[in-house]
Amino acid sequence: MFTSCTTVCPPMTRNMAKIQDMLKEEGIEAEIVSFSVDPKVDTPEKLKKFASAQGADFNNWTFVTGYTQDKIESFAKESFHTIADKPEGADQVAHGSQFFLVNQEGKVVKYYRGASEVPFEQIVEDVKIVAN
C-alpha cells in the first residue's frame, strides 16, 4: 500500500481494519503488516496518519517503510509473487491488491482479494487454522 494511492489502497486498508476487528472479536491473536510500496514518499508520520484515517489499530498492525524502492519491488516479487512498480517520475505505484496469509514460519499459505468482494469470514477462519 502507499499513502498517496488514488485507487485501491484506502479501501484495502479499511477492509483490513474490518478483518482486524473481526479477529479481535473472535479472540484471535494475529499480527498484521502493511508494507509501503512508495517508501521514499511514505514517512512513518504519513503512514500513521493514513492508517489512522482508515481505522487501523496499531496494537497488532505494523506499517513498514524506510527501505529503497528497489528493495520493496524485489521483496514483493520474491516473497509474494506480486508486482510493485513505480516508474521513474511517477506519483502512483502499480501493485497487487491481494491480502496474504503468512504462517509462523514466514511462508505465504494463501491469498485473497483485498479491494472488493473480500472473503472476510473465510480469512478469519483461515487465520484461526494458521494461528493454532
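Accessible areas here come from the Shrake-Rupley method with a 1.4 Å probe, and by that method the protein chain of this predicted model exposes about 8000 Å², of which carbon and sulfur atoms supply 51%.

Start with the whole chain in view and orient it along its principal axes, where the C-alpha trace spans about 45 × 30 × 25 Å. A compact globule of 132 residues would have a radius of gyration near 14 Å, and the protein chain, at 14 Å, agrees with that expectation. If you colour by burial, 41% of the 132 residues count as buried.

Next, switch to a cartoon and follow the chain along the sequence: four helices and six strands appear, in the order α-β-α-β-α-β-β-β-β-α. Should you display contacts with a separation of 6 or more, 64% of them join residues 24 or more positions apart.

Now select residues 120-131, which form helix H4, a run of 12 residues that reaches 16 Å from its first C-alpha to its last, close to the 16 Å expected at 1.5 Å a residue. Show side chains for Phe120, Ile123, Val124, Asp126 and Val127, the residues of H4 that are buried. Because they cover an arc of only 165° around the axis, they lie on the same side of H4. An α-helix has 3.6 residues a turn, so residues three or four places apart point the same way.

Keep those side chains displayed and add helix H1 (9-25), strand E5 (98-102) and strand E6 (108-113), against which the buried residues of H4 pack. Finally, rotate to the face of H4 turned away from its buried side, where you will find the exposed residues Glu121 and Ile129.

Technical notes
Residues are numbered from 1 along each chain as its sequence is written. This is a predicted model: local features need pLDDT of at least 70, side-chain atom pairs count only at pLDDT 80 or more; totals for chains, interfaces and linings use all residues. Side-chain values use heavy atoms; hydrogens and water are left out. Helices (H or I, at least four residues) and strands (E, at least two) are DSSP runs, numbered from the N terminus. The expected span of a helix is 1.5 Å times one less than its number of residues. Buried means under 20% relative accessible area, exposed over 50%, partly exposed in between (1.4 Å probe, protein chains only). The arc is that of the directions from the helix axis to the C-beta atoms. Contact means heavy atoms within 4.5 Å. The radius of gyration is taken over C-alpha atoms; the globule rule is 2.2 Å times the number of residues to the power 0.38.
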